[in-house]
Amino acid sequence: MVDSPSPLVSPFTLSDDDGYIWVKGNLHSHTTNSDGRVGPQERLDGYVEEGYDFLCLSDHNNITRTDSVDAPDDFVLIQGAELHPANPFGGQTHHFVCLNIHEDMDARAMPPQHVIDTCNEQGGQVWLAHPYWSSVNILRDTLPLSGFAGIEVFNSTCRRHGRGESGPHWDDWMALENRLYPCLGNDDSHQAQEARHDTYLGWTMARVRERTPAAVLQALASGASYASTGPAIHGIELRADGDEVEARVRSSEARRVTAVHDQIGKEYHEHGDIFEEAVFTLRPKARWVRFEVMGPEGEKAWSNPFDLTELG
């Protein structure tokens with residue numbers, strides 16, 4: 001069994017009949033309370049108008065309080081901040097997206113493990129932000145630390161700088177720790193929405209039964225979510241038959257589905273044709289798998305990983 005503090009939950013096993021719904025959100029954004037170009041209310045209003053369901057105003061080293069802005073009754077605001085403790089291991093300054101924290105701290109003067117522990121003691125979650133952009137070496141900079149909730153696999157701002165996707169960092173981390181981590185897709189929005197540089201380009205879909213911060217946070221931590229820049233993932237089913245595992249991935253229109261394993265991987269395509277269902281056999285003896293769905297124009301969605309050692 002792949003080691004994990006608790007097994008990740010597949011959102012695709014959570015039924016509409018049991019009251020589950022999909023909600024869309026961005027958990028990494030900035031305002032004039034740090035280095036953003038717009039104020040907190042304008043940032044919130046933009047995401048509301050674009051049809052998002054949840055948002056975190058994660059200003060640098062500064063908690064933007066959720067009670068300082070006005071949101072619609074059914075919109076979920078998650079309080080948090082992006083914190084930056086110094087990196088004693090040789091790499092660049094750490095970037096942690098910290099959700100559901102309530103007490104400010106001087107993270108720049110604290111060891112990184114103390115920051116993580118303090119956030120978790122407040123009932124929060126700490127996510128490793130844009131490790132590719134930050135030139136993070138997982139073995140050097142991340143493995144000495146513990147208590148993370150997961151990783152930011154996509155970041156819109158970082159894509160503008162050529163390092164938007166952190167899939168290899170995600171895979172390395174899970175392989176080195178033999179542990180499954182869930183992912184987030186985020187904007188890291190700084191600019192005004194008119195610029196369309198880093199807003200409404202990446203998001204996380206969470207499977208919840210109610211529109212509350214607690215429900216969204218639980219979905220994120222448990223893996224009942226996926227990240228996207230466009231494609232919708234409608235279902236993922238895994239079926240073991242002896243030593244073989246068959247995958248069935250249903251999605252919006254796709255050009256390619258990639259199964260990323262702990263070692264190597266496998267790709268499904270229909271020679272350039274567009275499809276909405278991929279059925280294929282995974283590589284033998286894989287311990288875990290995650291899926292990437294590529295849309296017709298190159299947009300992507302990332303599933304959370306599945307533990308293949310638990311399949312009967």
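Begin by selecting strand E4 (80-83), strand E5 (96-99) and strand E6 (125-128) in this predicted model, since these are among the elements that cover the buried residues of helix H2. Now add helix H2 itself, residues 112-121, and colour Pro112, Val115, Ile116, Thr118 and Cys119, which are the residues to look at here because they are buried. Seen around the helix axis, these residues cover an arc of only 165 degrees, which puts them on the same side of H2. Following the chain just past the end of H2, stop at Gly123, where the backbone takes a positive phi of about 85 degrees.

Next, move on to helix H6, residues 213-222, and display the side chains there. Which residues of H6 are buried? They are Ala215, Val216, Leu217, Ala219, Leu220 and Ser222. Just after H6 comes Gly223, and this glycine takes a positive phi of about 90 degrees.

From there, select strands E11, E12 and E15, which form an open sheet of 3 strands in the order E11-E12-E15, with antiparallel pairing. The edge strands are E11 (233-241) and E15 (275-281), each of which pairs on one side only. If you turn the view to look across the strands, you can follow a twist that averages 15 degrees from one strand to the next. In general, the strands of a sheet pair through backbone hydrogen bonds, either parallel or antiparallel.

Stay with this sheet and keep E12, residues 244-254, together with E15 on screen: the two strands run antiparallel and are joined by 6 bridges. To find one particular pairing, select Glu246 and then look across to E15, where Thr281 is its bridge partner.

Finally, zoom out to the whole protein, whose secondary structure comes to 6 helices and 18 strands. The radius of gyration is 19 Å, close to the 20 Å that the globule rule gives for 312 residues, so the protein is as compact as a globular protein of that length. Taken along the principal axes, the C-alpha atoms fill a box of roughly 55 × 40 × 40 Å. Colouring by burial would show that buried residues make up 54% of the 312 residues, while a surface view displays an accessible surface of about 13200 Å², of which 44% belongs to carbon and sulfur atoms. As a last view, consider the contacts between residues at least 6 apart in sequence, of which 61% join residues at least 24 apart.

Definitions and conventions:
Residues numbered from 1 in each chain as written. Predicted model: local features only at pLDDT ≥ 70, side-chain atom pairs only at ≥ 80, totals over all residues. Heavy atoms only, no water. Buried < 20%, exposed > 50% of the residue type's maximum accessible area, 1.4 Å probe, protein only. Helix = DSSP H or I, 4+ residues; strand = E, 2+ residues; numbered from the N terminus. Arc of directions from axis to C-beta. Contact = heavy atoms within 4.5 Å. Pairing = 2+ DSSP bridges. Axes fitted to C-alpha atoms, helices over the stretch in contact; angles between N-to-C directions. Rg over C-alpha atoms; globule rule 2.2 N^0.38 Å. Areas by Shrake-Rupley, 256 points an atom, 1.4 Å probe, with all protein chains shown as cover.
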